[in-house]
Amino acid sequence: MALIGIWTLALGLMTAGAAEFTAHSPLPDSYRMHGLVSSDGFLYNLGGLSGSTGISGARKVFYARVESDGSGAAWNPGPDLPAIVFAHAAVAANKTLYVLGGQHFTPGAGVGPSDAVYFTRTNADGSPGEWTATTPLPRAAFFLNAAFW
């Protein structure tokens, strides 16, 4: 019975018209292996490898308000992450942003998987506060996902 419901849903999606996308203002740079989360009417781009500065840009945080029509306001810089982070998970819950694990770079040690977890609370204007380390993951992990439920 569940399979029939899923197949019906899939058929409905295949026959529906394509949704329109609304352009958002572009980030100041391109990023890959970054975290992108939504919280309380804002988008947050967290860490990731920068298209122009590579690993040195992987501490950067940007945030932008999402307008009622789905478009986005200009991106603003937020406080840098405490470490160079990419290939991590990011999640938002109750006006708190989290960055979990990923690949971290430290001078002398190089790049390696991390068990670090950082969080920040968002301010009334949507800006993220300073980042704080919290209880680490049980094991180092990268290319992971996270969800809040």
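Which residue takes a positive phi in the hairpin of β8 and β9? The close-ups below, all from a predicted model, start with that turn and move on from there.

**View 1. The hairpin of β8 and β9 turns through asparagine 94.** Here is the residue we asked about: asparagine 94 has a positive phi near 50°, in a hairpin with 2 residues between its strands. On either side of the turn, β8 (89-93) and β9 (96-100) run antiparallel and share 5 bridges. A handy place to begin tracing the ladder is alanine 93, whose bridge partner in β9 is threonine 96.

**View 2. Strand β9 also pairs with β12.** Besides its pairing with β8, β9 meets β12 (residues 117-121) in an antiparallel arrangement, again described by a count of 5 bridges. To find your way along this pairing, look for leucine 100 and its bridge partner in β12, valine 117. With 4 of its 5 residues buried, β9 is largely enclosed by the rest of the structure. As a reminder for this view, side chains in a regular strand alternate between the two faces of the sheet.

**View 3. The largest nonpolar core brings together 16 residues.** Val37, Tyr44, Leu46, Leu97 and Trp131 are the members with the most contacts inside this core. The elements giving two or more residues to the core are β3 (42-46), β5 (61-65), β8 and β9. Of these, β3 supplies the largest share, with 3 residues.

**View 4. Valine 37 and its neighbours.** This close-up stays in the core and centres on valine 37, one of the residues with the most contacts there. Leaving aside residues up to four places away in sequence, valine 37 touches Phe42, Leu43, Tyr44 and Leu46, and also Ala90, Val91, Ala92 and Leu97. Of these neighbours, Tyr44, Leu46 and Leu97 are also listed among the core residues with the most contacts.

**View 5. A salt bridge joins aspartate 40 to lysine 95.** This is one of the 2 salt bridges counted in the model. The closest N and O atoms of aspartate 40 and lysine 95 are 3.4 Å apart. Aspartate 40 sits in the loop between β2 (35-39) and β3, while lysine 95 sits in the loop between β8 and β9, so the pair ties together parts that are 55 residues apart in sequence. Aspartate 40 is exposed, at a relative accessible area of 55%, whereas lysine 95 is partly exposed, at 45% relative accessibility.

**View 6. Aspartate 80 and lysine 60 meet in a salt bridge.** Here the N to O distance between the side chains is 3.7 Å. The pair links distant parts of the chain, 20 residues apart: aspartate 80 belongs to the loop between β6 (76-77) and β7, and lysine 60 to the loop between β4 (49-50) and β5. Both partners can be found partly exposed, with relative accessibility of 32% for aspartate 80 and 33% for lysine 60.

**View 7. Three strands form an open sheet.** The strand order is β7-β10-β11, and the pairing is antiparallel. At the edges lie β7 (84-86) and β11 (110-113), each pairing on one side only. From one strand to the next, the twist averages 25°. Strand β10 (residues 103-106) is joined to β11 over 4 bridges. For a landmark in that pairing, pick out threonine 106, whose bridge partner in β11 is glycine 110.

Methods: Residues numbered from 1 in each chain as written. Predicted model: local features only at pLDDT ≥ 70, side-chain atom pairs only at ≥ 80, totals over all residues. Heavy atoms only, no water. Core = buried A, V, L, I, M, F, W, Y, C linked by side-chain atoms within 4.5 Å. Buried < 20%, exposed > 50% of the residue type's maximum accessible area, 1.4 Å probe, protein only. Contact = heavy atoms within 4.5 Å. Pairing = 2+ DSSP bridges. Axes fitted to C-alpha atoms, helices over the stretch in contact; angles between N-to-C directions. Salt bridge = Lys/Arg side-chain N within 4 Å of Asp/Glu carboxyl O.
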